[in-house]
Amino acid sequence: MSQQIPITIARGDGIGPEIMEATLRILDAAGAPLRYEEIKVGKEMFEAGYTSGLAPDAWDVIRRNKVFLKAPITTPQGGGYKSLNVTIRKSLSLYANVRPSKSYAPFVTSQHPTMDLVIVRENEEDLYAGIEHQQTNEVAQVLKLITRPGTERIVRYAFEYARAYGRETVTCMTKDNIMKHTDGLFHKVFDEIAAEYPDIESDHYIIDIGAARVAEQPERFDVICTLNLYGDILSDIASQIAGSVGLAGSANIGDEVAMFEAIHGSAPDIAGRKIANPSGLLVAATQMLVHLGLGDVAERIENAWLCALESGIHTADIYREGLSEREVGTFGFTDAVIANLGNEPRKLRRVKYRKGAITVPKPRRTTSTKVLEGIDVFLDWDEGDRHPDVLGKALESAAAGTTLKLKMITNRGVKVYPDGLPETFWSDHWRCRFVPVAPETKLTFDDVLALLAAIHGAGLDVIKTEHLYTFDGVRGYSLGQGE
Ligand code: NAD
């Protein structure tokens with residue numbers, strides 16, 4: 001008998017305990033070599049005063065066992081409660097959100113009967129770092145952060161995932177035609193890593209046309225790897241059009257810990273009636289088995305589950321007169337899956353998974369030579385009719401005598417000085433770009449400080465600065481529109 005792998009489970013709220021019981025019965029019947037350690041999460045914990053929905057000692061269990069199978073929980077209405085998922089994802093650095101969207105037509109109605117795609121979404125970076133500031137009366141800003149190691153990790157995960165699940169193509173989606181430095185970095189790292197996986201095909205779409213194609217022809221896609229915000233939106237579109245939200249599972253993967261769950265909620269309207277469909281959590285459990293390197297057990301369970309679906313033994317949520325054979329409750333369906341262990345589906349496509357855990361090496365650290373070429377000084381300026389020529393002249397005279405000179409001013413990214421167009425809208429937020437008076441000058445931070453003192457001395461309101469660097473001679477900042 002092989003050694004048992006300890007995992008953490010939480011039975012959750014509403015239908016959670018019923019579907020977890022069903023899932024564990026199937027895992028046991030399939031001979032999954034697992035040992036379960038249970039923690040309490042959800043409503044009971046929220047009501048006991050833990051705003052995260054998790055008892056403090058549960059953290060140790062989750063971290064010790066590393067793999068967590070979680071049933072849905074009920075988030076109480078009203079203030080003070082935090083999303084348990086967001087807390088776990090952020091605290092344990094679960095960097096990859098993996099959401100397969102598959103249709104099971106004709107057994108579950110779908111407009112896209114052959115759709116079978118997986119979205120691998122970066123989960124920690126991008127606009128979700130939550131670094132926002134109001135800078136002037138009129139302007140608020142959010143920082144979009146994309147890191148090379150963060151991108152390397154998610155892209156490598158997507159390719160390793162493709163190998164483990166026998167998939168053929170990984171598609172990257174970005175908006176690097178506009179965001180050349182952030183999305184551009186993601187695309188560049190994607191291309192570098194794709195070259196290390198010659199057995200897997202790769203391509204790239206701009207996110208807008210990519211999302212439109214997913215909505216129209218989802219069957220064209222296999223694995224999609226993308227940034228946090230695009231992945232968030234895209235995975236909801238994909239789940240919706242697959243028509244099988246109730247059967248979908250999802251995974252949140254970190255270097256140490258991984259969490260697996262159904263994408264539906266705790267369904268309080270049917271809780272305790274033993275009629276819930278356990279499929280979402282069961283599919284999540286098969287993802288967990290592949291993650292653990294138990295692809296053979298995952299395969300046995302998923303193929304048995306597909307057999308149960310195509311034999312027409314359906315829970316109420318997917319039961320259709322004329323298509324289904326028999327309506328069953330949670331455990332009637334569980335028994336049907338167990339009875340099919342060892343069988344292979346004849347109408348739905350059987351699954352085949354690789355044995356061996358998915359592992360992603362730690363990202364490399366990179367170095368480069370960084371050279372300061374200039375500085376963007378941001379001002380809050382709201383004088384007169386806000387004409388940029390007035391500000392331009394004031395800055396030119398303030399900077400006279402320093403080592404830097406004004407190159408241009410932009411407003412909302414568009415060049416307004418020198419030679420702006422009168423049609424351009426002017427907010428109270430100005431980006432003023434300064435470069436060395438003598439191009440051969442080696443700029444230092446002291447030059448920048450002297451410039452800032454001069455601008456401040458002229459009575460102008462400096463609200464932030466951004467340094468203009470090159471890295472190994474490559475420009476690391478964008479040009480102004482019209483520059
Ligand atoms: P829900 O997904 O729980 O229910 C939506 C509808 O789908 C309901 O009619 C429900 O009966 C049905 N349904 C859901 N799962 C089903 C299943 N397995 N079998 C049969 N029918 C099923 O969404 P909701 O009603 O908006 O949310 C209920 C609670 O769940 C809320 O407290 C919400 O915050 C929470 N929630 C938790 C998670 C999670 O823990 N990951 C995710 C989403 C929602």
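Start by selecting His264 and the ligand: a polar side-chain atom of His264 sits 3.2 Å from a nitrogen atom of the ligand. Keep in mind as you look around that this is a predicted model.

**Around the ligand**

Stay here and add Ser266 to your selection. One of its polar backbone atoms is 3.0 Å from an oxygen atom of the ligand. Next, pick Asn277, where a polar backbone atom comes 2.9 Å from a ligand nitrogen. Now show everything around the ligand: 18 residues surround it, and the closest are Ile73, Gly265, Ala267, Asp269 and Asn277.

Click on Ala267 before you leave. You'll find it in the loop between strand 12 (258-262) and helix 9. Its phi is near 40 degrees, which is a positive value in a residue other than glycine. That's worth a pause, as most residues other than glycine have a negative phi.

**Colour by domain**

Zoom out and colour the protein chain in three parts. The domain assignment gives domain 1 as 1-95 plus 243-351, domain 2 as 111-239 and domain 3 as 370-475. Note that domain 1 comes in two stretches of sequence.

Turn to domain 1 and domain 2, whose centres, taken over C-alpha atoms, are 26 Å apart. How many residues of each are in contact with the other? Select them and you should get 15 residues from domain 1 and 12 from domain 2. Between them, the two domains bury about 1,100 Å², with 42% of that on carbon and sulfur atoms. Which residues of domain 1 lose the most area to domain 2? Highlight Arg89, Tyr95 and Val290: together they account for 49% of what that side buries.

**What holds your eye at the interface**

Show side chains across the interface of domain 1 and domain 2. The rule finds two salt bridges there, along with seven residue pairs in polar contact. To see which elements face domain 2, colour helix 4 (84-91), strand 11 (249-253) and helix 9 (279-291), the elements that give two or more residues to that side of domain 1. By residue type, this side of domain 1 divides into six nonpolar, five polar and four charged.

Next, select Arg349 and Asp116. Their side chains meet in a salt bridge, at 3.4 Å from N to O.

**A salt bridge further along**

For the whole model, the count comes to 33 salt bridges. Select Arg11 and Glu21 for one of them, with the closest N and O atoms 3.3 Å apart. Arg11 is in the loop between strand 1 (5-10) and helix 1 (16-29), and Glu21 is in helix 1, so this pair ties together parts 10 residues apart in sequence.

**Two cis peptide bonds**

For the last stops, look at the backbone. Most peptide bonds are trans, but go to Ala105 and Pro106 and you'll see a cis one joining them, with omega at about 5 degrees. Pro106 is in the loop between strand 4 (96-102) and strand 5 (116-122).

Then jump to Tyr417 and Pro418. These are also joined by a cis peptide bond, and here omega is about -10 degrees. Where does Pro418 sit? Look in the loop between strand 17 (414-417) and strand 18 (429-436).

Definitions and conventions
Residues numbered from 1 in each chain as written. Predicted model: local features only at pLDDT ≥ 70, side-chain atom pairs only at ≥ 80, totals over all residues. Heavy atoms only, no water. Domains from an automatic or database assignment. Contact = heavy atoms within 4.5 Å. Buried area = accessible area lost by both parts, 1.4 Å probe. Salt bridge = Lys/Arg side-chain N within 4 Å of Asp/Glu carboxyl O. Polar contact = N/O pair within 3.5 Å; in protein donor to acceptor, adjacent residues only side chain to side chain. Helix = DSSP H or I, 4+ residues; strand = E, 2+ residues; numbered from the N terminus. Nonpolar A, V, L, I, M, F, W, Y, C, P; charged D, E, K, R; others polar. Near = heavy atom within 4 Å.
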